[in-house]
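Trainee: I would like to go through the pockets of this model. Can we take them in turn?

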Amino acid sequence: MNLVVEQESFKKKSISGHEIELSHGFVKINHISFWEDNPRIYSLLDLEREDETIDADLIYQKLRKTKDFDKLLNQVKEDGSIYEPIWIGKHPSSKDYIVYEGNTRLAVAKLLRDNGDSRFSMIEVNKFPDDTPLKYIKKFVGDSHLKGKNKWNSYEKYGWMYREIISYQKQTRESISSSITQVAKDYSETRSQIQKCYDLVNFMEDNKLSSAVRRESIYYWEEIIKSGAIKKVRKDFDKDALISLSSADLKYKS
């Protein structure tokens, strides 16, 4: 499907040293799709991802339950508009136009449109060229939330970096160690920071921790990974004792 961008204009942006010409304008919200890999809700879709039952309505309902949604909805109702454009691109496989940045804004627009406010049947966008490599788009998204004003929390950052490492390793067949080094370079992070992301999520994956326990007790798991004394205990004693606590039992707070 060719996407119609109304009131279209163009501007250039540099990502990873590559100059890209963006299209700016307005599109109908029913012509663009939510991004299921959005770090804000990625872990909330774990069960449906396993069952392959993720669809647009499910993502919409998950977004509506977030704190960011309620905050933005109240702001938009007060202001009467969504000030910041969303960022969209053509997915290389599905060929759908995906919202890579601004999924909560799209969810708010959809709710208001469905409740009868026709002003939100269209939304302001910045559109990547259709042939933009996905790695450039993901680099833009990552930088926006690692260094921008609406930063991911620790849990979201760890998950994003871990998935970037695994994705790079699968594509290149290089070692995990080399992949960690490359991701650190791509995102201008220290190698030790990215190694921590990998170690932490890999630990949670190995021990099959639920999404709720991972998210709600992330600071506890950080201590489990980084403490030399605890690492020794994990080697000398039954590690299951360290991971059998429910999130309600964990007392460590940030």
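Trainee: Which helices and strand each supply at least two residues of the lining of the largest pocket?

Mentor: This is a predicted model. One strand is on the list, S4 (97-101). The helices are H2 (56-64), H5 (134-147), H6 (154-172) and H7 (176-186).

Trainee: Which element gives the most to the lining of the largest pocket?

Mentor: The lining of the largest pocket has 36 residues. The top contributor gives 8 residues, and it is H6.

Trainee: How many residues of the lining of the largest pocket are charged?

Mentor: Take the other classes of that lining first. Nonpolar residues number 15 and polar residues 9. Lys 138 and Glu 164, among the residues closest to the centre of the largest pocket, count as charged. The charged total is 12.

Trainee: How much space lies in the second largest pocket?

Mentor: Start with the largest pocket, where the space is about 970 Å³. For the second largest pocket, the value is about 730 Å³.

Trainee: Which residues are the closest to the centre of the second largest pocket?

Mentor: The second largest pocket is lined by 29 residues. The closest to its centre are Leu 72, Glu 84, Glu 101, Arg 105 and Asn 150.

Trainee: Which helix gives the most to the lining of the second largest pocket?

Mentor: H3 (67-79), S4, H4 (103-114) and H5 each supply at least two residues there. The top contribution is 5 residues, and it comes from H3.

Trainee: How many residues of the lining of the second largest pocket are nonpolar?

Mentor: Set aside 10 polar and 7 charged residues. The nonpolar count is 12.

Note on methods: Residues numbered from 1 in each chain as written. Predicted model: local features only at pLDDT ≥ 70, side-chain atom pairs only at ≥ 80, totals over all residues. Heavy atoms only, no water. 1 Å grid on protein atoms, 1.4 Å probe; cavity = no way out; pocket = protein on both sides within 12 Å on 5 of 7 lines; lining within 4 Å. Points joined across faces, edges and corners; volume = space filled by probe spheres on them. Helix = DSSP H or I, 4+ residues; strand = E, 2+ residues; numbered from the N terminus.
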